[in-house]
Amino acid sequence: MSNIIRFGLVLLSLFCVTAHAQTSGDAPDVAAGKRRAAVCFACHNVDGVAKIPGVPNLAGQHRGYLEGALQAYRDGKTRQNPTMNAMAAPLSDRDIVNIAAYFSLLRGQGGGVAVADAVDTGGGVTPIPAAAASAKTEAVSAAPVRSGEAVYGSVCFACHATGAAGAPKVGDKAAWMPRIAQGDATLLQHALIGFKAMPPHGGCAACSDAEIKAAVAYMTAKSR
Ligand code: HEC
Ligand code: HEC
């Protein structure tokens with residue numbers, strides 16, 4: 001065997017060991033990644049192929065690369081982009097592993113979205129009957145409830161401060177007037193189950209219904 005080939009084999013086996021070590025201790029939960037990434041779909045799309053100019057495609061990108069990119073955005077210095085710094089700030093290490101796995105497994109243009117379909121949890125767009133919704137609110141209200149302002153400042157502002165993805169800007173009375181006119185119950189329902197490019201719970205799976213309600217109240221109060 002030539003030295004070149006032998007050297008290549010050594011490198012290859014080193015690579016396999018590293019790759020194995022990375023995945024075995026910390027197996028990603030792709031379905032959880034998809035749920036956590038709901039907030040990302042407004043720009044990166046559920047199939048990881050962006051529909052908005054200037055937004056990169058994530059489908060099929062290398063998992064390690066995606067993890068590194070998200071860590072770099074999260075620390076706010078290594079990679080600077082106001083939108084992505086805000087989007088990555090609340091992600092835990094686990095979220096980053098899961099989300100990176102989800103997007104890396106998608107096949108991209110033309111290839112279909114087998115993984116997205118396989119882990120589809122229903123998209124959360126089934127209307128919640130009012131009674132069930134309020135029962136759920138009661139069930140989660142035992143957890144400490146963050147203020148509407150705190151929830152807005154950690155999640156909703158990513159789109160609603162800038163108008164990203166077509167979100168009505170907080171403080172833009174003209175944009176909010178027809179929405180507020182639908183009534184509080186409809187607004188809340190849309191925030192809970194999702195509405196067009198607006199992801200369910202504003203993408204915050206960890207936010208309780210009560211916290212979403214407080215955030216909607218905070219946003220509309222600033223926009224009347
Ligand atoms: C409001 C639109 C928007 C949302 C929502 C959004 N992104 Fe992004 N994303 C962008 C833009 C724009 C860029 C390019 C930024 C840059 O130039 O660094 C980007 C870049 C990235 C990159 C780097 C890709 C590469 O090729 O280097 C990753 C990874 C990423 N986003 C993941 C996410 C994840 C995960 C979420 C959800 C937690 C998310 N994004 C939510 C707009 C968005
Ligand atoms: C990824 C971007 C994004 C994030 C994050 C986001 N929203 Fe939205 N939101 C939208 C978009 C886009 C719309 C407008 C949808 C439309 O009418 O086409 C919207 C609309 C709304 C509406 C009006 C619905 C209606 O019936 O007109 C409410 C209320 C709302 N969002 C609340 C929230 C709350 C509360 C949060 C945080 C918990 C949040 N949003 C986070 C994108 C976002």
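# Exercises on a predicted all-helix model

In this predicted model, the axes of helix H11 (residues 184–193) and helix H12 (residues 209–221) come within 10 Å and cross at roughly 125°. Let us start from that pair and work outwards.

## Exercise 1: H11 and H12

Task: Work out how H11 lies relative to H12, and which residues meet between them.

Solution:

- Step 1. Take the crossing angle of roughly 125°. Angles of 65 to 115 degrees count as roughly perpendicular and those over 145 as roughly antiparallel, so H11 is oblique to H12.
- Step 2. Add the hand: the crossing in which H11 passes H12 is right-handed.
- Step 3. Look for the residues that touch. H11 brings Leu187, Leu188, Ala191 and Leu192, and these meet Asp209, Ile212, Lys213, Val216 and Thr220 of H12.
- Step 4. Sort the residues of this contact by class: six are nonpolar, one is polar and two are charged.

## Exercise 2: H4 and H6

Task: Describe the packing of H4 against helix H6 (residues 93–105) in the same manner.

Solution:

- Step 1. Begin with the geometry: the axes of H4 and H6 are 8 Å apart, and the angle is about 135°. H4 is therefore oblique to H6.
- Step 2. Find the hand of the crossing, which is right-handed for H4 and H6.
- Step 3. List the partners. From H4 come Arg63, Leu66, Glu67, Leu70 and Gln71, while H6 offers Ile96, Val97, Ile99, Ala100, Ala101, Phe103 and Ser104.
- Step 4. Count by class: the contact of H4 with H6 holds eight nonpolar, two polar and two charged residues.

## Exercise 3: The whole protein

Task: Find how many helices and strands the protein has, and what share of its residues is buried.

Solution:

- Step 1. Tally the secondary structure: there are 12 helices and zero strands. Along the sequence, the pattern reads α-α-α-α-α-α-α-α-α-α-α-α.
- Step 2. Turn to burial. Of the 224 residues in the protein, 32% are buried.
- Step 3. Check how far along the chain the contacts reach. Among contacts with a separation of 6 or more, 71% join residues 24 or more positions apart.

## Exercise 4: Ala31

Task: Decide whether Ala31 is buried, exposed or partly exposed.

Solution:

- Step 1. Locate Ala31, which sits in helix H2 (residues 30–36).
- Step 2. Count its surroundings: Ala31 has 16 C-beta neighbours inside 10 Å. Being buried takes 20 or more and being exposed takes 12 or fewer, so Ala31 counts as partly exposed.
- Step 3. Look across the sequence. Ala31 and Asn98 are 67 residues apart in sequence, yet their C-alpha atoms are 7.9 Å apart in space.

## Exercise 5: The two ligand shells

Task: Find which residues come nearest to ligand 1 and to ligand 2, and which helices contribute to each shell.

Solution:

- Step 1. Start with ligand 1. It has 22 residues around it, and Cys40, Cys43, Pro56, Asn81 and Ala164 come nearest.
- Step 2. Name the helices: helix H3 (41–44), helix H4 (63–74) and helix H5 (82–88) each give the shell around ligand 1 at least two residues.
- Step 3. Class the shell around ligand 1: 17 nonpolar, four polar and one charged.
- Step 4. Move to ligand 2, where 31 residues lie around the ligand and Ala42, Cys156, Cys159, Met198 and Gly202 come nearest.
- Step 5. Name the helices again: helix H9 (148–160), H11 and H12 each supply at least two residues of the shell around ligand 2. H9 gives the largest share, six residues.
- Step 6. Class the shell around ligand 2: 22 nonpolar, seven polar and two charged.

Notes:
Residues are numbered from 1 along each chain as its sequence is written. Chains are lettered from A and ligands numbered from 1 in the order in which they are written. This is a predicted model: local features need pLDDT of at least 70, side-chain atom pairs count only at pLDDT 80 or more; totals for chains, interfaces and linings use all residues. Axes are lines fitted to C-alpha atoms, for helices over the stretch in contact, and angles run from 0 to 180 degrees between N-to-C directions. Helices (H or I, at least four residues) and strands (E, at least two) are DSSP runs, numbered from the N terminus. Angles under 35 degrees count as roughly parallel, over 145 as roughly antiparallel, 65 to 115 as roughly perpendicular and the rest as oblique. A crossing is left-handed if the near helix is turned anticlockwise from the far one by less than a right angle, and right-handed if clockwise. Two residues are in contact if their C-beta atoms, placed from the backbone, lie within 7 Å. Ala, Val, Leu, Ile, Met, Phe, Trp, Tyr, Cys and Pro count as nonpolar, Asp, Glu, Lys and Arg as charged, and the others, Gly among them, as polar. A residue is near a molecule or strand if its C-beta atom, placed from the backbone, lies within 6 Å of it.
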